[in-house]
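Let us go through some labels and check each against its cut-off. Short questions, short answers.

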There are 2 protein chains.
Amino acid sequence: MYGAGDVRVETVADPTIQQPTDAIVRTVLSCVCGSDLHPYHSMPATEHGQSMGHELLGVVEEIGSAVSTVKKGDLVIVPFAFSDNTCQICTDGFQTACPHGGFYGTPDTAGLQAELARVPLADGSLVVVPGITENDSALLPSLLTLSDVYLTGYHAAHMARIQAGQTVTVIGDGAVGLSAVLAAKQLGAERIILMGRHTSRTDLGRQWGATDVVAERGEDGINKVLDLTNGSGSHVVLEAVGLMPAYEQSFKVVRAGGVISRVGVPQYEEAPIGFMSLFGKNITLTGGPAPVRAYIEQAIPLVLDGTIDPGKVFDRTVSIDDVPAGYAAMDAREALKVLVTV
Amino acid sequence: MYGAGDVRVETVADPTIQQPTDAIVRTVLSCVCGSDLHPYHSMPATEHGQSMGHELLGVVEEIGSAVSTVKKGDLVIVPFAFSDNTCQICTDGFQTACPHGGFYGTPDTAGLQAELARVPLADGSLVVVPGITENDSALLPSLLTLSDVYLTGYHAAHMARIQAGQTVTVIGDGAVGLSAVLAAKQLGAERIILMGRHTSRTDLGRQWGATDVVAERGEDGINKVLDLTNGSGSHVVLEAVGLMPAYEQSFKVVRAGGVISRVGVPQYEEAPIGFMSLFGKNITLTGGPAPVRAYIEQAIPLVLDGTIDPGKVFDRTVSIDDVPAGYAAMDAREALKVLVTV
């Protein structure tokens, strides 16, 4: 990406093993993330460009001398952050904050919308999908969502500690919001109110467990949620947008003693948290970048046995040469989420 | 209170039953709260004054016709907020947000630094102390702390879901902060770092379970806590101050994936919660006005059998005629917390 709206496909040198803990992974599927749209809107023009992408399902091509848990030919899920998965922070289940880990698309570690990727800390980061090959095409999109989007929605629900019988409101009908609906249902939510106004998207939300859809925005939307909850508000709010109006909506529809769990990357730093917003009602605020690595192993069997089908968020496919068109389609909201093939 | 620094003792009409759900309680012990000092610092001068106090241990004098769970002569703890204790919000354990409840010191419901009090929603609010009379003087101060201060510290620890073996940092060496130390110890914290610089207070903190005391403030204090935790920070931070520097200290000493639990009433509304403060590290922010009513029954036996002795926060006693001197002593930090007798 060379600036807002300016995505180019370029031929670069193949990545190589740089550290003995690296692996080289050949892409089977990648995709475009809602968070990629933030720079697509606002990135200043640059001369050198920024390597993009952080979601990948692929096949191991080569491993460094210190790598022991994956081997050439394994089908692997590449989490959007790499981590050692052995330190205290990783052991706590917060691999996105691993002090030895990091993210893709930096000067040091290229983005994953590419034919080949260098994955640092391969033993800690990569998860092998057992018994599946790159030819099992029906399952591959759902497996790809375990690198980010589905498990980001799952993280929102997990951090909110959803309990059976609770009412959960999901703000945002993008791919993460819909994933949060699916995850909330998995965790036992009784009532799931989806706030969104794109019918094609909220229809998928209903299919995944949303019991109510609120299309109204602002005060009207808030009043609608309060009406649906006898005036008490929602036990849990999963905020999958990241903009201030979504946060404000969150604390206005959450019940006293309830939880707001954010996974939309906040496009703000300061926000209300005092007596009139969070404190007075004993609201808990949680969430952050999803440590998907913590959840992949338990999610794989659910994809393989058909319990969950999170790959349905993909409603368009482009080849890697057409990635710019994929960005444009998502930006125009013509596509919910775009799959990238090589 | 007629304005900053202006507390007066006045003779007013005795309270009377106004609703069939009311009770009249005769004061045995009351006290001055850290939160009473906020208006003591900043209240504009007024003509009519503000009735003060919200912590009370007393004896039931009279009950309304609909009251069934307490009777004349019962020794009762009066929680700092009244509540019906039957609605959904109360059943969830958040009685301070009861839609039918409220607080003392309003035009409708007088403050509790008084000889007699009208307690609305007596069945929901009052808790009888079984087998104890107002003559068992050694236990009474600790029982009084269950109306607010100890259980406010407990609420901080409870909302943080402290687990055995965790490191807990307590910010603030006031009566609530010290109570939070005692509660954290009760809940199994392995290491308790108390940030405070008044030795007489931090000595009580050590007695109650603090393993480390950090007297430094600002960056020095933050670095000291990080040093004590191998650079990772504290699993849990209990923030018992309510001022912005204490909040900023909180997110700088908390570990990735950790919890900040606030019970100091925030003297701010907006604060940092974005990627650089809470979100990036998956920090959970929780807390609010303590629903002490939810915790009183389980705390009474611990006081009666000597497991906890939270009444040690009282280091001065004044008669009700000397309440103004009690405010002055707490404001000057000559007293940690002032007991009021009638």
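Q: Why is A:F80 called buried or exposed, whichever applies?
A: A:F80 has a relative accessible area of 10%. Buried means under 20%, exposed means over 50%, and partly exposed lies in between (1.4 Å probe, protein chains only). So A:F80 is buried. This is a predicted model, where local features need pLDDT of at least 70, side-chain atom pairs count only at pLDDT 80 or more, and totals for chains, interfaces and linings use all residues. Residues are numbered from 1 along each chain as its sequence is written, chains are lettered from A and ligands numbered from 1 in the order in which they are written, and side-chain values use heavy atoms, with hydrogens and water left out.

Q: What makes A:F103 buried, partly exposed or exposed?
A: The relative accessible area of A:F103 is 35%. That value falls in the middle class, so A:F103 is partly exposed.

Q: How many aromatic pairs does the structure hold?
A: There are 16 over all chains. Rings of Phe, Tyr and Trp (its six-membered ring) pair if their centres lie within 6.5 Å. Planes under 30 degrees apart count as stacked, over 60 as edge-to-face, and the rest as tilted.

Q: What makes the pair of A:F80 and A:F103 stacked?
A: The ring centres of A:F80 and A:F103 are 6.4 Å apart, and the planes are at 25°. Both values meet the cut-offs for a stacked pair.

Q: Where do A:F80 and A:F103 sit in the chain?
A: A:F80 is in the loop between strand 3 (75–78) and strand 4 (81–82) of chain A. A:F103 is in strand 5 (residues 102–103) of chain A. They are 23 residues apart, and the pair links distant parts of the chain. Helices (H or I, at least four residues) and strands (E, at least two) are DSSP runs, numbered from the N terminus.

Q: Why is the pair of A:Y150 and A:Y154 called stacked, tilted or edge-to-face, whichever applies?
A: The centres of A:Y150 and A:Y154 are 6.5 Å apart and the planes are at 50°. That angle fits neither the stacked nor the edge-to-face range, so the pair is tilted.

Q: How do you know what separates A:Y150 and A:Y154 along helix 5 of chain A?
A: A:Y150 and A:Y154 are 4 residues apart in helix 5 (residues 149–159) of chain A, so about one helical turn separates them. A:Y150 is buried at 2% relative accessible area. A:Y154 is buried at 12%. A:Y150, A:Y154 and A:Y295 form one aromatic cluster.

Q: What makes helix 5 of chain A parallel, perpendicular or oblique to helix 6 of chain A?
A: The axes of helix 5 and helix 6 (residues 175–186) of chain A come within 7 Å and cross at roughly 55°. Angles under 35 degrees count as roughly parallel, over 145 as roughly antiparallel, 65 to 115 as roughly perpendicular, and the rest as oblique. So helix 5 of chain A is oblique to helix 6 of chain A.

Q: Which residues meet between helix 5 and helix 6 of chain A?
A: Among them, A:V149, A:Y150 and A:Y154 in helix 5 meet residues in helix 6 of chain A that include A:A180 and A:A183. Contact means heavy atoms within 4.5 Å. By class, the residues of this contact divide into 10 nonpolar, 4 polar and no charged.

Q: Why is helix 8 of chain A called parallel or antiparallel to helix 9 of chain A, whichever applies?
A: Helix 8 (residues 218–228) and helix 9 (residues 244–253) of chain A pack at an angle of about 30°, with their axes 10 Å apart. That angle is below the parallel cut-off, so helix 8 of chain A is roughly parallel to helix 9 of chain A.

Q: How do you know whether A:V170 is buried or exposed?
A: A:V170 has a relative accessible area of 0%, so A:V170 is buried. A:V170 lies in strand 8 (residues 167–171) of chain A. Beyond its neighbours within four places in sequence, A:V170 is in contact with residues including A:G177, A:I192 and A:L238.

Q: What makes B:N282 buried or exposed?
A: B:N282 has 1% relative accessibility, so B:N282 counts as buried. B:N282 lies in the loop between strand 13 (270–272) and strand 14 (284–287) of chain B. B:N282 has a positive phi of about 55° although it is not a glycine.

Definitions and conventions
Axes are lines fitted to C-alpha atoms, for helices over the stretch in contact, and angles run from 0 to 180 degrees between N-to-C directions. Ala, Val, Leu, Ile, Met, Phe, Trp, Tyr, Cys and Pro count as nonpolar, Asp, Glu, Lys and Arg as charged, and the others, Gly among them, as polar.
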